[in-house]
Amino acid sequence: MPRIIEKYDLFLFDWDGVLIRLYKHTKLYGRLISAIVSIEGAKHYSTIFDESAYRKGQENMILGKFLNFFIKHFIKPRLNYGVNKIIKELKRHGKLVAVFSNGNKGRIMIKMEKLGIRKYFDLVSSNDEIGFSKPNPAGLIFVAKALKVRPERCLYIGDKHTDIMAAKY
């Protein structure tokens with residue numbers, strides 16, 4: 001039986017909760033957002049992780065810029081235990097490594113740069129770039145096609161039910 005590393009050419013990861021630890025600052029984000037937008041708007045933006053809500057309107061653009069600034073200057077992202085070693089080992093074996101997330105690509109890139117891991121990823125993509133969120137498999141298919149890998153040679157690693165549903169396609 002082949003080892004998992006031999007079975008796949010592309011190892012595609014979700015971001016929040018899989019590669020990076022989820023923040024304990026969610027309540028702080030909620031408070032900051034409440035201070036920026038109206039009470040009605042604040043209900044809509046319950047956490048920073050509900051980033052699909054940030055796609056429409058001027059208010060959302062201003063809020064997005066503020067959140068990017070906040071993350072860049074005040075948040076210290078942390079990789080989950082063993083992630084650095086796993087990614088380096090995959091690259092050592094010549095494997096493609098990518099990220100597809102329902103999160104905001106700009107914020108993912110900021111965190112990757114802060115962590116010094118961007119160089120290990122062949123592609124980083126998100127729903128805000130392609131227009132579909134998981135569980136729709138379109139994002140995973142997009143990444144596989146962009147990297148010229150057949151879907152059966154891809155392994156998607158996620159942590160939520162929507163990840164499983166997208167990968168089963």
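I began at a strand pair: Phe-13 stands opposite Ile-157 in E4. The model is a predicted one, and I kept that in mind throughout.

**Entry 1: the E1–E4 pairing**

I followed the pair outward. E1 and E4 run parallel and share four bridges. Leu-12 faces Tyr-156 of E4. I then checked the other neighbour of E1. E1 also pairs with E2 in the parallel sense, again over four bridges. There, Leu-10 has Leu-96 of E2 as its bridge partner.

**Entry 2: the whole sheet**

I asked in what order the strands lie. The sheet is open, has four strands and reads E3-E2-E1-E4, with parallel pairing. E3 and E4 are the edge strands, each pairing on one side only. I looked up the twist as well: from one strand to the next it averages 20°.

**Entry 3: faces of the strands**

I recalled the background rule first. Side chains of a regular strand alternate between the two faces of the sheet. Then I sorted the residues of E1. Leu-10 and Leu-12 lie on one side, Phe-11 and Phe-13 on the other, and all are buried. Both faces of E1 are therefore covered, buried meaning under 20% relative accessible area. I repeated the check on E4. Its covered face holds Cys-154 and Tyr-156. Its uncovered face holds Leu-155 and Ile-157.

**Entry 4: an aromatic pair**

How many aromatic pairs does the rule give? I got one. It joins Tyr-8 and Phe-11, whose ring centres are 6.1 Å apart. Their planes stand at 80°, so I logged the pair as edge-to-face. I also looked up whether each residue is buried or exposed. Tyr-8 has 12% relative accessibility and counts as buried. Phe-11 is buried too, with a relative accessible area of 5%.

**Entry 5: Val-18**

I moved on to the loop between E1 and helix H2 (26-36), where Val-18 is found. Val-18 has a relative accessible area of 13%, so I marked it buried. What does Val-18 touch, leaving aside residues up to four places away in sequence? I listed Phe-13, Asn-80, Val-83, Ile-157, Gly-158 and Asp-159. Two of these names, Phe-13 and Ile-157, are the opposed residues I began with. I took the C-alpha distance for Val-18 and Ile-157: it is 7.5 Å, across 139 residues of sequence.

**Entry 6: helix H8**

I turned to H8, residues 138-146. Which residues of H8 are buried? I found Gly-139, Leu-140, Val-143 and Ala-144. They span an arc of only 135° around the axis, so they sit on the same side of H8. Next I looked for what covers them. From the sheet, the cover includes strands E1 (10-13), E2 (96-101), E3 (123-126) and E4 (154-157). Helices H7 (127-130) and H9 (161-167) are also included. I checked what comes after H8 and noted Lys-148, with a positive phi near 55°.

**Entry 7: helix H6**

I closed with H6, residues 105-115. H6 lies across E2 and E3. I noted its angle to E3 as about 145°.

Definitions and conventions. Residues numbered from 1 in each chain as written. Predicted model: local features only at pLDDT ≥ 70, side-chain atom pairs only at ≥ 80, totals over all residues. Heavy atoms only, no water. Phe/Tyr/Trp six-rings, centres within 6.5 Å; stacked < 30°, edge-to-face > 60°. Buried < 20%, exposed > 50% of the residue type's maximum accessible area, 1.4 Å probe, protein only. Helix = DSSP H or I, 4+ residues; strand = E, 2+ residues; numbered from the N terminus. Arc of directions from axis to C-beta. Contact = heavy atoms within 4.5 Å. Pairing = 2+ DSSP bridges. Axes fitted to C-alpha atoms, helices over the stretch in contact; angles between N-to-C directions.
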